[in-house]
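Here are some short exercises to work through with the sequence and the 3D view side by side. Try each task yourself before you read its solution.

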Amino acid sequence: MRISVNKLGFSLVAFIILLIIISIFGCKATVRESRIVEKDTVNYSTHNNGPIEVKEGVIVSIPNNVTDTSVGITKYKSIKEVYDSQLGIREATGNNDGKEIAKYLKTVGLGEGFPYCAAGVKWCLLEAGYSQAKAINGMALSCDVKSRHVEIENLESGDVGTLYYARLGRIGHALFFDKKINSSTYRSVEFNTNVAGSRDGDGVYRKYRSYNATYSFNRWTK
């Protein structure tokens with residue numbers, strides 16, 4: 001009987017020790033998992049572009065324009081998000097200059113001091129991930145490509161409009177179609193314009209244009 005009690009006591013002690021070991025390793029695993037989730041959430045939340053869905057320490061859904069080089073995940077913003085983010089930017093001294101203007105002009109191989117309506121359009125398209133926009137140069141004319149023409153009834157936010165100036169005898173301004181207002185008017189976002197709607201302004205503005213006054217609409221997102 002004494003032997004059986006000893007065996008029972010030994011088994012009970014062994015069982016308790018096993019429970020303690022499982023408990024310790026289980027807690028460590030839980031802590032490690034929570035740290036993974038916390039790390040991922042911190043990495044992505046710095047972008048402030050929306051909620052991040054995490055399941056069991058793995059990110060399964062991320063907002064647009066989030067890049068994490070450690071895992072190689074990249075999602076671009078929509079073209080509308082990009083050009084809307086530039087609204088309100090102004091030239092430094094009114095001479096096609098300033099940090100933001102310089103970044104637009106850099107995409108077309110130019111420095112500060114040059115018109116930048118087409119450069120601004122190109123920068124936004126490239127920022128949104130549309131590499132085909134590399135074909136756009138510093139001239140608004142380069143935004144007009146027959147194979148990219150879009151009919152008015154099929155317009156989408158982010159399509160690129162061009163304006164023709166008779167006194168120049170050419171296309172002299174490019175812009176983003178943003179939203180239809182009515183059958184004759186649309187809202188745009190434009191670079192190198194001003195309150196008056198000039199083609200040589202002082203920054204990035206939201207404007208209202210006439211369909212009839214627009215030379216062409218082009219889809220650079222396809």
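A residue is called buried when its relative accessible area is under 20%, exposed when it is over 50%, and partly exposed in between (1.4 Å probe, protein chains only). Helices (H or I, at least four residues) and strands (E, at least two) are DSSP runs, numbered from the N terminus. The model is predicted: local features need pLDDT of at least 70, side-chain atom pairs count only at pLDDT 80 or more, and totals for chains, interfaces and linings use all residues. Residues are numbered from 1 along each chain as its sequence is written, and side-chain values use heavy atoms, with hydrogens and water left out.

**Exercise 1. Find the buried residues of helix 3 and explain how they are arranged.**

Step 1. Helix 3 spans residues 99–106, and its buried residues are Ile101, Tyr104 and Leu105.

Step 2. These residues lie on the same side of helix 3 because they cover an arc of only 95° around the axis. The arc is that of the directions from the helix axis to the C-beta atoms.

Step 3. A general rule helps here: an α-helix has 3.6 residues a turn, so residues three or four places apart point the same way.

Step 4. Now turn to the other side of helix 3, where Lys99 and Lys106 are exposed.

Step 5. What do the buried residues pack against? Their partners are helix 4 (117–127), strand 7 (185–193) and strand 8 (203–210), where contact means heavy atoms within 4.5 Å.

**Exercise 2. Describe how helix 3 and helix 4 meet.**

Step 1. Their axes come within 7 Å and cross at roughly 80°. Axes are lines fitted to C-alpha atoms, for helices over the stretch in contact, and angles run from 0 to 180 degrees between N-to-C directions.

Step 2. Helix 3 and helix 4 are therefore roughly perpendicular to each other, a label used for angles of 65 to 115 degrees.

Step 3. Helix 3 brings Lys103, Tyr104 and Leu105 to the contact, while helix 4 brings Ala119, Gly120 and Trp123.

**Exercise 3. Locate Asp200 and its surroundings.**

Step 1. Look in the loop between strand 7 and strand 8, where Asp200 sits.

Step 2. Is Asp200 buried, exposed or partly exposed? With a relative accessible area of 49%, Asp200 is partly exposed.

Step 3. Leaving aside residues up to four places away in sequence, Asp200 touches Asn96, Asn192 and Asn194.

Step 4. Asp200 and Gly94 are 106 residues apart along the chain, and their C-alpha atoms are separated by 9.8 Å.

Terms used
Angles under 35 degrees count as roughly parallel, over 145 as roughly antiparallel, 65 to 115 as roughly perpendicular and the rest as oblique.
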